[in-house]
Structures are given as structure tokens and as C-alpha cells.
Amino acid sequence: MKTESYAAFSLRLHQRVAAQRVPVGGTIEVTRRCPLACIHCYCNLPIDDQEARRNELTYAEHCRILDEIADAGCMWLLYTGGEILARKDFLDIYTYAKRKGLLITLFTNGTLITPEVADHLVQWRPFSIEITLYGRTRETYERLTGVAGSFDKCMRGIDLLMERGLPLKLKSVAVTGNTHELWEMKRFVEEDLGLEFRFDAMMSPRVDCSLSPLAVRLTPEAVVALDLQDPKRVAEWKRFAARFNGPARVPESCGELYNCGGAVTSFAIDPAGKMSLCSLSQRDTYDLRSGSFREGWERFLLGVRRTKSTRVTKCTACEIRAMCGMCPANGELENGDPESPVDFLCRVAHLRAQTMYLAIPPHGECEYCEGGAGHDGLMQSLASLSNGGARIVRADSERVKLKGGGQC
Ligand code: SF4
Ligand code: SF4
Ligand code: SF4
């Protein structure tokens, strides 16, 4: 019998269904309420926010939507929040989804995991569980989450899942307050726990367009310095570049705005049943409370997906897009305009490409390319990075304010 890895199977399936536009992957945010109060969070509300609770889909509405997404061909589902377990009936919703045969990933902070929750997950095993670790020490973890006692609860949650052999991965978000513990987190997770670990340093504004998370965002130089400290990470970026760098569109043409899998193979649903192309993109939503998933997918999201770019920007023919997180959702959140390049992302991408000796062909009026206003500064940062002199400091809050303020 011919066998193949799960990754190869998944890639093959996604390629096949992309041609037919099948919604194989979905993200459902069950709540934005959470017992923690992380300063970098892009969406959380207090756990006892009654109005938020009242607006959340009911159990019956979740079941109806699950029936519809399974009928439409969904195979992979991500449940996220807020904190998924802040909803008392989350395990009921989850179990219903399991009965539909979906492969389910759970994103949680781990603090509300009890022996009963963990036992239930043994009985109804998820495809994967991911817990975010905010620090290696109690002091750092709780400085980020703002809640005393949360570190011990998270560690207990991890223990409960590990004792039961559940498929757990840990990850972190690198912000100004925890980078000094990042490598110790990695060592702890990989060596002491024997689990997979990854981290992300790319923060976005909140979905309500508040810029508060950006106050703890690392500078572009610090983001790239972290890349360079990990040879495995550098090798992964190089592999990624070899595979995906290159122009997304024919230069000078205005093609479709979106170039990702959103609304081609994937969709997102927020706690109140608003469906969109992805969790970050809040501009165009379809209300699943007043219409069916099929209608939303086949008509509404297809229309969103076919949105045309209105203008040529420096991103249009950029060949280092794979080094960059710029996409319409990020433009929308940070600049109030899906087509407006996010300066932070652009600087990270150019620095990353420079440090990895990747070609950066001209791509219009780009301040970080040769001749651009920011090129000399970028070269100074590069020199500083290659001398090992990167400083991990706060992003310039004045610059942040000038960019996105009040546009949503
Ligand atoms: S645990 Fe997650 S959802 Fe809760 S506040 Fe922190 S980042 Fe936000
Ligand atoms: S933001 Fe900059 S690096 Fe990113 S795609 Fe646009 S031009 Fe390229
Ligand atoms: S975050 Fe950006 S790239 Fe990802 S699905 Fe949304 S629009 Fe597409």
C-alpha cells in the first residue's frame, strides 16, 4: 500500500480543492472573553462581559453551523478565542463538532484546563492542542498576562494534557517583555517536555483597530535579530524564500486584492456568527444568523475574494513577499486600508532578506530599496545586526500613532 506523510497529504488535498474552491479549513472564535488580560492581545474581552456573552452564538446555532460546514466539505477546524474554555458549554460544542468527523485544533491559554476537561479530550481526542506560553518564569508570564496565579494554572494545564498523552504543542509570542526568556522557553519545551515549540514576533493591532498591542511590539531589528539567533529558523526562512519568493502579480497590473487561501479553501466565523475571509479581516462579514453557510460561502465570500486591487503599490511586484506578513487584513488593521503597505512589515522583510543575502529586485517606489529614503537607515541596522549589536527595545510609539489612528 502506498503511504505518504500527513503534510504531503494535506498539501495535495489543499491544492486539489483550491481549484474547486472548497471550504476545507475553518476557524471558529467561540468567544472573545478570557480570564487573562495580555497587553499584546488582539481581541480579548473580560471573562464576565455579559454583553459579549449575550452576543455569542448559542449551542444550537453552533450545531446548525457545524452541520452546514461539514456538508460543504470542511475537514479541518480550529477553535480559538479569547479563551475557548471561558464558554461553559465549549466542550458540548466541541463534542458535536467531533461527532461530525472534523479534525479539530484547539488554541487555549491552558489556565482553565481541569482533570475533567483533559479526560473529556482523551475521550474525544483533538487533532492538536496549542498552548501559548508567555514566559518561562512566573514573574514574566504574569507581567504579560496581568493576572496573578495564571502561570501555575497554565503549567498545571500543560501537565494535565501531557499526563494523558494528548497531542500538545507549545508556542510563544515574542514581545518586549519576554524576549529575554524566549530561548529558555524553547529549551524547556523541546528538551524538558519533549514537545514542539515555535514563536511569532509579528503583532497586529486589535480587531477593533486599537493600537495597544503595538506598544509591546519588537522593533524590526529585534525581530530579525531573533531570527538570526536560531540557525534552524534561518534555514526555514531560506527554504520558504526559495519556494515562495517571487512576484504575486504581473507588474503594473491590478489583479485580485487577496493572494492567500482565504475564501478559497478557508473561512472564519466570529463569536457572534459573522463569517469572513479570515479572523483578522473584519471589513466584509456575512451574518450566519440570518443566512446559511452555503449562501455566505458561495455568494458573499466569493464576491469578497474577487475584490480587485484599486492601485499599483510597491507590494504589487515585490519579490520578497514571502519574507513579509503584508496582506490586506494587516493593511486594514494597521493603516485602515487593505492596500496600504504596513511599514513595520516592510522593514522586517527587507532586513530579513538583506541578512539572508536574498535578491531584492526593484519593485516601485520603496523607501527600503536602494535610492529610497529609508535605505541608509536599513543599511545601518544591517551593519549593527551583523556586529551582533541588535537592541531589543520598544517600537517607536509616536510612529505607531501617526499610522493607524482613528481610521476604523
Ligand atoms: S490568553 Fe490569549 S485571548 Fe487571553 S488575553 Fe492573552 S492573548 Fe488574549
Ligand atoms: S510591504 Fe514591502 S516587503 Fe512587504 S510585500 Fe510590500 S513592498 Fe514587499
Ligand atoms: S491574515 Fe492576510 S494572508 Fe491570512 S487569510 Fe487573512 S487576508 Fe489572507
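**View 1. Strand 4 and strand 5 (residues 103–108) run parallel and share four bridges.** Strands pair here if DSSP finds at least two bridges between them; the strands (E, at least two residues) and helices (H or I, at least four residues) are DSSP runs, numbered from the N terminus. This is a predicted model, in which local features need pLDDT of at least 70, side-chain atom pairs count only at pLDDT 80 or more, and totals for chains, interfaces and linings use all residues. Residues are numbered from 1 along each chain as its sequence is written, while chains are lettered from A and ligands numbered from 1 in the order in which they are written. Look for Y79, which sits opposite L106 in strand 5. Strand 1 (residues 25–29) also pairs with strand 4 in the parallel sense, over five bridges, and T27 has L78 of strand 4 as its bridge partner. Four of the five residues of strand 4 (residues 76–80) are buried, which takes 20 or more other C-beta atoms within 10 Å of a residue's own (exposed is 12 or fewer, partly exposed is in between, and C-beta atoms are placed from the backbone).

**View 2. Strand 4, helix 4 (residues 90–99) and strand 5 form a right-handed β-α-β unit.** Right-handed means that, with the strands pointing away from the viewer, the path from the first strand over the helix to the second runs clockwise. The loop between strand 4 and helix 4 holds G82. Check the backbone there: the peptide bond from G81 to G82 is cis, with omega near 20°. For context, most peptide bonds are trans.

**View 3. Ligand 1 has G81 and G82 among its surrounding residues.** A residue counts as near a molecule if its C-beta atom, placed from the backbone, lies within 6 Å of it. Also around ligand 1 are C34, L36, A37, C38, C41, N44, E83, N109 and T145. The shell splits into five nonpolar, five polar and one charged. In this scheme Ala, Val, Leu, Ile, Met, Phe, Trp, Tyr, Cys and Pro are nonpolar, Asp, Glu, Lys and Arg are charged, and the others, Gly among them, are polar.

**View 4. Strand 7 (residues 168–173) has parallel partners in strand 6 (residues 128–132) and strand 8 (residues 197–200).** Four bridges tie strand 6 to strand 7, and I131 stands opposite L170 of strand 7. Strand 7 and strand 8 likewise pair over four bridges; V173 has D200 of strand 8 as its bridge partner. To get from strand 7 to strand 8 the chain goes through helix 8 (residues 182–193), in a right-handed β-α-β crossover.

**View 5. The protein chain splits into domain 1 (8–213 + 261–304) and domain 2 (214–257 + 309–408).** These bounds come from an automatic or database domain assignment. Taken over C-alpha atoms, the centres of domain 1 and domain 2 are 26 Å apart. Across the boundary, 21 residues of domain 1 are in contact with 20 residues of domain 2, contact being C-beta atoms, placed from the backbone, within 7 Å. The side of domain 1 that touches domain 2 has 13 nonpolar, seven polar and one charged residues.

**View 6. Ligand 3 lies between the domains, because domain 1 and domain 2 both give residues to its shell.** Around ligand 3 you'll find Y258, C260, G262, L277, C278, L280, S281, C327, P328 and A329. By class, that's eight nonpolar, two polar and no charged.

**View 7. Ligand 2 has 13 residues around it, of which C315, C318, C324, C346 and A349 come nearest.** The shell of ligand 2 has 10 nonpolar, one polar and two charged residues.

**View 8. A263 and T265 share the loop between helix 10 (231–244) and strand 9 (266–269).** A263 isn't a glycine, yet its phi is positive, about 65°. A263 counts as buried because it has 26 C-beta neighbours inside 10 Å. T265 has 24 such neighbours, so T265 is buried too. Beyond its neighbours within four places in sequence, T265 is in contact with H14, V17, A18, V22, P23, V24 and G25.

**View 9. R21 sits in the loop between helix 1 (6–20) and strand 1.** R21 is another residue other than glycine with a positive phi, near 55°. R21 has 15 C-beta neighbours inside 10 Å, so it counts as partly exposed.

Terms used. Two residues are in contact if their C-beta atoms, placed from the backbone, lie within 7 Å.
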